[in-house]
Amino acid sequence: MLRRTRTAIGLAVTALVVALSAPAVQADTTAPTGPASDRAGADDAVYVVQPRSDGTTYTAIYEPAPGVSADELRSTLRRQGVRGVQDENRALGIGIAGCSPIVGTASAWCGHKWAYGPFNDPQVYFLDHSGDSWPVTDARVDWYQAPGIDAYYRWHTAGCPGGGRHCVHVYSGSYGTAWYGLTEASTSGGYFVDGSVTVKLNDQVTPNTYAARRSVACHEMGHALGLDHNGSTNSCLSVPEFPQHPSSDDFAVLNQLYPKPGT
């Protein structure tokens, strides 16, 4: 059983349901080689988009678990009553096709980013409810080093610090066999809505190894900061292995997505 220390620091998240396939993040086991805009077919994730009556939009990204195709996952979600399941990613301009900024094999998640508030960089806190086998603290260390946005960790009992800081609750549990991880949120005007973002890490299908669980946590946290998938197997946002860390391209996208005010 993996143990982690629970220190009072924090980080935030985004609206995305992501399930990393084992041993890959996606069902496609071929590493894409072309630019991000040419690789739409490499992304087997299933997207859910639900406009809400209050003007916000709920968005989720599901990535099929091992042995589950994208079409099978769509059927499963619809049987479960999930509305807004998209039949095709490319028509939406989402997935590995990516949204600007695009750097190398990495890209932003369309229409999902954090507001600055009173800070030079958005302040995002991960409020951790997960079990001891999930190294959320360690995965947070990588994202804390990313330029453009400040990512922190906080044990959930400490609460959200407020004052223009953003918070995401991170849970773990047995959530079925269709996906590895889920990040979900609402957006308004292209920005995450505070209080709407949660991450769920699936005990049921993720191997109970440090490498696998750090990779899944890293993947979900990256989505929570505003990143989409990465076509390089050097990134935890990629396929088909279980890389534990973001890549320099992921960092470069965040640096462009969150430029310093006035630049």
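A disulfide is taken here as a pair of cysteine sulfur atoms within 2.5 Å. The model is predicted, so local features need pLDDT of at least 70 and side-chain atom pairs count only at pLDDT 80 or more, while totals for chains, interfaces and linings use all residues. Residues are numbered from 1 along each chain as its sequence is written, and side-chain values use heavy atoms, with hydrogens and water left out.

**Exercise 1. Find the disulfides, and state the handedness and burial of each.**

Step 1. The distance rule gives 3 disulfides, and they follow the pattern 1-2, 3-4, 5-6 when bonded cysteines are counted along the chain.

Step 2. Cys-160 and Cys-167 are bonded, with their sulfur atoms 2.1 Å apart, and the 95 degrees about their S-S bond make this link right-handed. Burial means under 20% relative accessible area and exposure over 50%, with partly exposed in between (1.4 Å probe, protein chains only). Cys-160, at 40%, is therefore partly exposed, whereas Cys-167, at 8%, counts as buried.

Step 3. Cys-218 is joined to Cys-236 with an S to S distance of 2.1 Å, and because the torsion about their S-S bond is about -55 degrees, this disulfide is left-handed. The pair links distant parts of the chain, with Cys-218 in helix H3 and Cys-236 in the loop between E11 and H4, 18 residues apart. Helices (H or I, at least four residues) and strands (E, at least two) are DSSP runs numbered from the N terminus. Cys-218 has a relative accessible area of 0% and is buried, and Cys-236 is likewise buried at 0%.

Step 4. Cys-99 and Cys-110 are joined at an S to S distance of 1.6 Å, the link being right-handed with 85 degrees about the S-S bond. Both Cys-99 and Cys-110 are buried.

**Exercise 2. Work out which face of helix H4 is buried, and what that face packs against.**

Step 1. In H4, residues 248-257, the buried residues are Asp-250, Val-253, Leu-254 and Leu-257. Viewed down the helix axis, they fall within an arc of 95 degrees, so they line one face of H4; the arc is that of the directions from the helix axis to the C-beta atoms.

Step 2. These buried residues pack against strands E3 (99-103), E4 (106-108) and E11 (227-230), and also against helices H2 (136-144) and H3 (210-225), where contact means heavy atoms within 4.5 Å.

**Exercise 3. Describe the enclosure of helix H3 and the residue that follows.**

Step 1. Of the 16 residues of H3, 14 are buried, so the helix is largely enclosed by the rest of the structure.

Step 2. Gly-226 follows H3 and has a positive phi, near 115 degrees.
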